[in-house]
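Please look through the model below with attention to how its parts meet, and then to some local details of its backbone.

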Amino acid sequence: MVDVTKWPIFSLMGPQELSNIRKACVFGTSANEAIYINNDDEVYVFGLNCSNCLGTGDSLSTIVPKKLDFLSGRKVVSLSYGSGPHILLATEDGELFAWGHNGYSQLGNGTTNQGVSPVLVSANLLNKKITEVSCGSHHSMALTDSGEVYAWGYNNCGQVGSGSTANQPTPRRVSSCLQNKVAISIVCGQTSSTAVVDNGEVYGWGYNGNGQLGLGNNGNQLTPCRLAALQGLCVQQIVSGYAHSLALTDEGLLYAWGANTYGQLGTGNKSNQLSPIQIMAEKERIVEIAACHSTHTSAAKTQSGQVYMWGQCRGQSIVLPHLTHFTCTDDVFACFATPSVMWRLLSMEHDDFLTVAQSLKKEFDNPETADLKFCVDGKYICVHKAILKIRCEHFRSMFQSHWNEDMKEVIEIDQFSYPVYRSFLEFLYTDDVELPPEDAIGLLDLATSYCENRLKRLCQHIIKRGITVDNAFSLLSAAVRYDAEWHF
């Protein structure tokens, strides 16, 4: 579980208060402001209160957490902060609230008056359900449940995407080439904006002086422009630092571009990159990337849980990804970022608040809840018939045509090894694979037999990335033995 006391601002809170925190975010020019949500969905703030960013209705700082009564009971699903700072918050009901600095209308209320307390942002968002928010330095973006992107605020470099450089006082839909696209994710750099659409394409607009839009040039863009260099890749996650960006594909590949003064691209030098370049290619599959617009720090987590950091780290410029002892990317920002802000709204991993994916992963091979066992090489693997039927056509057909409730609850498997079959079943629960390339060949054979195409691609990727001079012959021998479908 993430320890929020790694951020100094939380160090004065007692164990009981800390155990009641469900979500938290540290922000501000010196990481001296914080907001958190407790298990009762009550919202609390404390810290310096620069530009009324605490939303308490006054300009007073407070070392003791204060409750924002107006937001109590509203389940927070997304939160972001700007450099003013200003705050955007989206609720489970799709409502959008804003407060704090408003010198450029980044609160979206049509004025430039400071927002001393949370106010509902409704202009041009009638009947729209907001699912995600993101703040740049002084501009804002929101994503709706239908995949529409809205932007407003400071627009000196085109970061609002309106086709001009005039500031935008209220939310305006970003159209142009996004008009008929369904966006699934948005992120702001300091003065740039990026969106990922449902087919994995990436679009960027705004300031591009350091190549942070990844377009191969350094000219600003007043409307969204597709990153052609990522053509053929399916991007699942994208994050933006102060002036650089990272993208993670569905195959666990990591790309970086933009400013590189502090080595934040992880390329081994400090040269800016105008187009995406793959990094950490020799590492195992990447499952998470991290950056935020107020720092020059980057981080990534691999499938085995290894956490790497690079860029500006406590004043040092780390130009290559450095392996840490941390267990999550959040710790990198707590201990090494300047300022030591949080790169996202942090969720505490209490069991009572696990996501569906986390819950499924936790229940794999749990004999207490399982209703079926596989016996492989004399070892048992506990699973759930319903999950296997939902996730795998092979099991769906088997259970429907050959299974009834009176049949035995143990299935013997003799054509595959225990590590291979366990990895396959675990994949059905986690959608991920963690095993050496030698075993991946056996799993590839299984995936081919069961017609699991996504698993086949993952195995092929593991094998290709795992080939070395030392193991090439053994991998080829194993491939021949399994008659596996894979290619260099």
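Between domain 1 and domain 2 of this predicted model the count is 1 salt bridge. It is arginine 285 that forms a salt bridge with aspartate 432, and the closest N and O atoms of this pair are 3.5 Å apart, which falls inside the cut-off of 4 Å used for a salt bridge. Polar contacts also link the two domains, with 5 residue pairs counted between them, both residues of each pair being at pLDDT 80 or more. On the side of domain 1 that touches domain 2, the residues divide into 6 charged, 3 polar and 4 nonpolar.

The two partners in this interface are domain 1, which covers 4-347, and domain 2, which covers 356-482. Taken over C-alpha atoms, their centres are separated by 37 Å, and the contact between them involves 13 residues of domain 1 and 7 residues of domain 2. Together the domains bury about 780 Å², of which 34% is on carbon and sulfur atoms. Within domain 1, the residues that lose the most area to domain 2 are Glu251, Arg285 and Gln303, which together account for 61% of what that side buries. Arg285 is thus met twice, as one of these three residues and as the salt-bridge partner of aspartate 432.

Turning to annotation, an unreviewed UniProt entry lists "repeat: RCC" for residues 41-92, 94-146, 147-199, 200-251 and 252-303. Two of these spans can be described from the model: residues 147-199 are 0% helix and 43% strand, with end C-alpha atoms lying 12 Å apart, while residues 200-251 are 0% helix and 44% strand, with end C-alpha atoms again 12 Å apart.

Some backbone details deserve a closer look. Most residues other than glycine have a negative phi, and most peptide bonds are trans. Against that background, the peptide bond from glycine 84 to proline 85 is cis, with omega near -5°, and proline 85 has its place in the loop between strand 5 (76-81) and strand 6 (86-91). A cis peptide bond is also found from threonine 338 to proline 339, where omega is near -5°; proline 339 belongs to the loop between helix 2 (329-335) and strand 25 (346-347). Serine 105, for its part, has a positive phi, near 65°, although it is a residue other than glycine, and serine 105 sits in the loop between strand 7 (96-100) and strand 8 (115-120).

Technical notes
Residues are numbered from 1 along each chain as its sequence is written. This is a predicted model: local features need pLDDT of at least 70, side-chain atom pairs count only at pLDDT 80 or more; totals for chains, interfaces and linings use all residues. Side-chain values use heavy atoms; hydrogens and water are left out. Domain bounds come from an automatic or database domain assignment. Contact means heavy atoms within 4.5 Å. Buried area is the accessible area (1.4 Å probe) that two parts lose on being put together, summed over both. A salt bridge is a side-chain nitrogen of Lys or Arg within 4 Å of a carboxyl oxygen of Asp or Glu. A polar contact is a pair of N or O atoms within 3.5 Å; within protein, one must be able to donate a hydrogen and the other to accept it, and residues adjacent in sequence count only if both atoms are side-chain atoms. Ala, Val, Leu, Ile, Met, Phe, Trp, Tyr, Cys and Pro count as nonpolar, Asp, Glu, Lys and Arg as charged, and the others, Gly among them, as polar. UniProt positions are given in the numbering used here, feature names are shortened, and annotations may be inferred rather than shown by experiment. Helices (H or I, at least four residues) and strands (E, at least two) are DSSP runs, numbered from the N terminus.
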